[in-house]
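Trainee: I would like a close look at one part of this protein. Could you walk me through the pockets and the helices that go with them?

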Amino acid sequence: MRIAAVADIHLGEDLRGHYRKKIEGIERRADVLLVGGDLTRHGTIPEARVVAEELSGLPIPVVAVLGNHDYHSDRNEEIIDLLRDAGITVLDDEGAVVPIDGVRLGVAGGKGFGGGFAGKCASEFGEPETKAFVRHTKEIAERWRRALKELDADHKIVLSHYSPVKDTLMGEPPEIYPFLGSYMLAEAADAEGADLFVHGHAHAGTEKGVTPGGIRVRNVALPVIKHAYTVYCLNGDHC
């Protein structure tokens, strides 16, 4: 199975039609397209309409999550509805099964959140704001764990905006790692198992990493992969 993936496409009205041209013929290279958040620049409805136009009606299924930019204007629920109405599967801390040539591909995930990584992470202690920050990620991770467990699929992928490991953040300033991901996202994936974990967000990061449990992690932020999308095979790596 060939998995096309990208994140951080940051579409706006001035780019209408541009991304679509870059993904023409994608069905010859991939069986599904995963988009790991930051679909828009400022999370506005006009920008979301451009995303819907660029990604709808493709010959292969499209599964997406939102990113932090898509939340900026507090229109995230409307954006999700708009994209779903355009035929795009949007995950919001849940899972979905995509049938592909008789094989059931399960994808679970959502935006994710931060907090940092083992040994250098925030804890649910102290001020209410700090506890709320950490609790938010903990609750997301638990929803992902349940979603993965409930997926009846032949293969499973986790799709996120935020990273589950610091491996794929190398190149970003270490001071901002807690705002780029959390080890709790990796724990959720490792608890139930997955074939691949795809994320974005870290524009200056690196492509490849691995969770403590051995799941391949791939940062597919557009500035990292430097193409309209990249393609992975579940039985290997780049196809």
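Mentor: Happy to; we will start with the pockets and then turn to the helix pairs. Please keep in mind that this is a predicted model.

Let's begin with the largest pocket, which has a volume of about 190 Å³. It is lined by 13 residues, and those closest to its centre are F117, P164, V165, Y183 and P212. If you want an element to anchor your view, choose helix α5, residues 183-192: it supplies four residues, the largest share of the lining. In chemical character, the lining of this largest pocket has eight nonpolar residues, four charged ones and one polar one.

Now look at the second largest pocket, with about 160 Å³ of space. Its lining consists of G116, F117, A118, K120, K166, P174, Y177 and P178. You will recognise F117, which is among the residues closest to the centre of the largest pocket and also lines the second largest one. By class, the lining of the second largest pocket divides into five nonpolar residues, two charged and one polar.

Back to α5, since this helix also has a packing partner. Helix α4, residues 128-150, packs with α5 at an angle of about 20°, and their axes are 8 Å apart. An angle under 35 degrees counts as roughly parallel, so α4 is roughly parallel to α5. The crossing of these two helices is right-handed. On the α4 side, the contact is made by V134, T137, K138, I140, A141, W144, R145, L148 and K149, and they meet M184, L185, A188, A189, A191 and E192 in α5. Sorted by class, this contact of α4 with α5 has ten nonpolar residues, four charged and one polar.

For another helix pair, move along to α2 and α3. Helix α2 covers residues 45-55 and helix α3 covers residues 76-85; they pack at an angle of about 25°, with axes 9 Å apart. By the cut-off we just used, α2 and α3 are therefore roughly parallel to each other. Here too the handedness is worth a look on your screen: α2 passes α3 in a right-handed crossing. The α2 residues involved are I45, A48, R49, V51 and A52, which meet E78, I79, L82 and L83 in α3. This contact of α2 with α3 has seven nonpolar residues and two charged ones, with no polar residues.

How values were computed:
Residues are numbered from 1 along each chain as its sequence is written. This is a predicted model: local features need pLDDT of at least 70, side-chain atom pairs count only at pLDDT 80 or more; totals for chains, interfaces and linings use all residues. Side-chain values use heavy atoms; hydrogens and water are left out. On a 1 Å grid over the protein atoms alone, a cavity is a set of points where a 1.4 Å probe fits but cannot get out, and a pocket is an open set with protein on both sides within 12 Å along at least five of seven lines; lining residues have an atom within 4 Å of a point. Grid points are joined across faces, edges and corners, and a volume is the space filled by probe spheres set on the points. Ala, Val, Leu, Ile, Met, Phe, Trp, Tyr, Cys and Pro count as nonpolar, Asp, Glu, Lys and Arg as charged, and the others, Gly among them, as polar. Axes are lines fitted to C-alpha atoms, for helices over the stretch in contact, and angles run from 0 to 180 degrees between N-to-C directions. Angles under 35 degrees count as roughly parallel, over 145 as roughly antiparallel, 65 to 115 as roughly perpendicular and the rest as oblique. A crossing is left-handed if the near helix is turned anticlockwise from the far one by less than a right angle, and right-handed if clockwise. Contact means heavy atoms within 4.5 Å.
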